[in-house]
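Here is a friendly walk through the model shown below. Please keep the viewer open as you read.

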Amino acid sequence: MRKPRGNVMLTALFVSVFLFFLSVALLYSNRQDIALSLSMEHQLKAEAAARSVAMEAFGQLREFGEIRRNVPTEPVPGVTARMQLVRTPAQENRGELLLLQVRATSGVVSSYLTFHLEESFLAEPEGQTSKVMLFPGGEESGAAYGDLVWTQLETSLPGGLQANGGPAFRAETVDTTSADQPAFRDNIPLFVPATGELFAFGPALSVIPAPTEQTKLQWLKLNGEQFDWVEIPYPFDLSGKAPEFEPPVTVLDWTIPGQGWSNASVQGVGDQLLTHTWRDPQPSAGSVEEIQDTLVTIPSTAPGPAKDWSGGGAPSEWFVLRGAVAPLKNDLYAHAWHYLYRPYSGGAVATPTALNGPVLTRWPCILKYTTEEGVWEKSWAPLDSSGDVSTDVVPDPGILLAGSEGSLFGVTVGERRLLTMTGQNEVDVGEVVPNGQLFLYRNQPYIYDPAEAQLGFRSLTDGSYLGFQTLPDRVPGVAGMLADFPQFQSLGIDEAGVLDLSSEGAIELPPRKRQVMLPPYLLNYQVADGAPIQTEGRNLWTLLDIEAVGEESIDPLWSTEWYKANKMEGGQAIARFDGDRWHILPNGLNNFLSRNRIDPPPEPPPDDPPPGNDLNLPPGASNFVVADYPGLPGLVPKYTIIAVEQDPFKFLNE
Amino acid sequence: MEILIAILFISIGFFGYVALHSRLLHSGVRLEKREQIRAATDLIEAIDFSRGLLGMEGRVDDTPFTVDPLVPNLRSFSTDPKGRSLSWVQQLPEEHRLAADQALPLEVKVYRKPFVNRWNSR
């Protein structure tokens, strides 16, 4: 009879123990539910705090290029946040990035948010930093200062500007045929062939032909906040005193056969006037017979529109600007003709010849104008005051480059050999320069041939190309930029991820991957047709054509229709090479391509700025020039979000 | 006697189990309500955050964002529903209308148009 009772007790105990463990299990699961609910609430708060702190830090970086105000450490009550900025070195086709990392912790939940920021500078931030990028566009001219923001200028900027670490200059060829002719009162020698004697008659007025054209120069001066054009005077003020002769006077008009002569002389032979020209430093003709065909009759007329520059019998020199100019900081170098008039000294000569007489010599030279002092000076001039020429090398007036170390570069006429001009009259003749645009980068000569636009710029020193290898050759198929933040049109409510107990005891939420999948595209870069090429220090600015190439997707996942439907249009972008990598201005390649890839909101917000602000390229971008003016705001980087991620990270000092 | 003791054990255990279960059911209901509050908070934050991202000056209930004095494009708002009109909630699907008036107060900051970059703006 006792055994059944024992069974009842045992059953009762078993049921009680079972209910106990069942209760414990329920309690445990309830605690898990509560923990999950609490962690989701912590997650909500932590994510909101992380976003707020990241947005505040990014806002300051974007507005000022730096963090000016500490971000809050407790943006939401009960939530602590911490932020760090980390630079990641460049890797292959990806340049250096700035990571803005925020970790917000609420309870046991930490939320991580990282903005991958691309940093864009107008120029390299080292050294001189008061840069401005000028966009000549007539009445629509604009400028982008160190903060890389385009603003319209009140000053009209014509094309053809040049600058190199200093103010902008402008060169323009003007017609000067109506200008006053230089004239010199002189006693012209009279050679008597029969006796071999030499006499002089006069005074006569030697009139030199005025140059048919000159280079008119201006520089852009910064007055306060306004740019003004300042005229650069001609090398020497040629408005000498007016002729002082009592008419009638014998006027001897010199002739210049074309542009090729370098020396000319005039003298009388009997009742005729003799003129002769030659290129050699010394006369080649020694008798009247040799130059008989150049004899002309002496005219006798009233003086024309001439200015008397007679220097009291001393040689006179003057300069006429021509051809190309080359700026270097505040100075401007310019090709010029160097004229030297040596009057007839008179008196007896040991062996009179038909070529004794006043001599006019014209030889190429390079002048330098200093804007700070407003004066011209000779920079490279082979012709000296005695009429001797130290070299017969004649530079092509269409090319002039100024190196930062004081050397001037050009090419010879015809064969295009590279010239390196140093000192007052030294010149080194180098190799033949191939066809194309010659320019200097870091004091090394480079050539740009439009036929090699896809290859980039060729170094004349070692033949290597400064190409576009450091730019990405393709657009990746995954782009997660916009999808990480919900758009109003596609609003979604976040859902918690799976909980995970980390080794540190804190619950960390796995990142939610929401990315836009698009077909990958191969990219092609080339120098834009007629693009400006400007260099200064490590900077090289130019205009690139960027486009996606190919008609079918390289990834078989995507059909041709998808590929074409999402293909970006490409276009032109201003690019800067920093000595190592290319940068697409003003917001990087990712932003440039996104412009085509991701559709804007269908309706512009009501507070959107007025039309005209959606600038792919500012007006006048095809003629931009980067100048430097002390006093302008310094360089401020632009920061562009190129990716957002929520992966956990470590702080550098943890 | 032993049967009575057994019944007593079972009764106590069963009573405890039922009491615990009813408490858990109550807790579940409260958790579900908390979930609704959390979802409403998330909803309000997401909507106004998105409006800030798009550069809109006003929130979904037409009240303006608070403009940061140092960074004008930095806007802030609170998800606290107190003192705000919630009539806009009626335009949402029914499952999103719950507990909007009980949303948690979160202070949120958003930068205006962070992904829009132009030549003539920072």
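Two strands count as paired if DSSP finds at least two bridges between them. With that cut-off in mind, take strand S4 of chain A in this predicted model, where A:Leu134 has A:Ala143 of S5(A) as its bridge partner.

**Strand S4 of chain A and its partners**

S4(A) covers residues 131–135. How many of its residues are buried? The count is 5 of the 5, so the strand is largely enclosed by the rest of the structure. Burial applies to both faces: A:Lys131, A:Met133 and A:Phe135 lie on one side, while A:Val132 and A:Leu134 lie on the other.

S4(A) pairs with strand S39 (residues 625–628) of chain A, antiparallel and over 4 bridges. Within that pairing, A:Met133 stands opposite A:Val626. S4(A) is also joined to S5(A) (residues 142–144) by 3 bridges, again antiparallel. S4(A) and S5(A) make a hairpin with 6 residues between the strands, and in this hairpin A:Gly138 adopts a positive phi near 60 degrees.

**An open sheet in chain A**

Elsewhere in chain A, 4 strands form an open sheet, in the order S26-S27-S28-S29 and with antiparallel pairing. S26(A) (437–441) and S29(A) (465–466) stand at the edges with a single partner strand each, so one side of each has no neighbour in the sheet. S29(A) is joined to S28(A) (residues 457–459) by 2 bridges in the antiparallel sense, with A:Phe457 of the pair matched to A:Leu466 in S29(A).

The strand pairs of chain A for which bridges are listed here can be set side by side:

| Strand pair | Bridges | Sense |
|---|---|---|
| S4(A) and S39(A) | 4 bridges | antiparallel |
| S4(A) and S5(A) | 3 bridges | antiparallel |
| S28(A) and S29(A) | 2 bridges | antiparallel |

**Chain B as a whole**

Now to chain B, whose secondary structure comes to 1 helix and 3 strands, in the pattern α-β-β-β along the sequence. How does its radius of gyration compare with that of a compact globule of 122 residues? Such a globule would have a value near 14 Å, but chain B has 25 Å. Its C-alpha atoms fill a box of roughly 95 × 25 × 20 Å along the principal axes. Buried residues account for 31% of the 122 residues. Of the contacts in chain B with a separation of 6 or more, 63% link residues 24 or more positions apart.

**Two residues of chain B**

Is B:Ile44 buried or exposed? B:Ile44 has 27 other C-beta atoms within 10 Å; because the cut-off for burial is 20 or more, B:Ile44 is buried. B:Ile44 sits in helix H1 (residues 2–53) of chain B. Leaving aside residues up to four places away in sequence, B:Ile44 touches B:Thr79, B:Ala100 and B:Ala103. B:Arg59, 15 residues away in sequence, is 9.7 Å from B:Ile44, C-alpha to C-alpha.

B:Asp62, in the loop between H1 and S1 of chain B, has 9 other C-beta atoms within 10 Å and is exposed. B:Ser85 is 23 residues from B:Asp62 in sequence and 9.2 Å from it in space, C-alpha to C-alpha.

**Confidence**

The mean pLDDT of chain B is 87, and 100% of its residues reach 70 or more. Among the elements of this chain, H1(B) has the lowest mean pLDDT, 86, and S1(B) (residues 66–67) the highest, 96. The model scores ipTM 0.91 and pTM 0.82.

Definitions and conventions:
Residues numbered from 1 in each chain as written. Chains lettered and ligands numbered in written order. Predicted model: local features only at pLDDT ≥ 70, side-chain atom pairs only at ≥ 80, totals over all residues. Buried ≥ 20, exposed ≤ 12 C-beta atoms within 10 Å, placed from the backbone. Contact = placed C-beta atoms within 7 Å. pLDDT = per-residue confidence, 0-100. Rg over C-alpha atoms; globule rule 2.2 N^0.38 Å.
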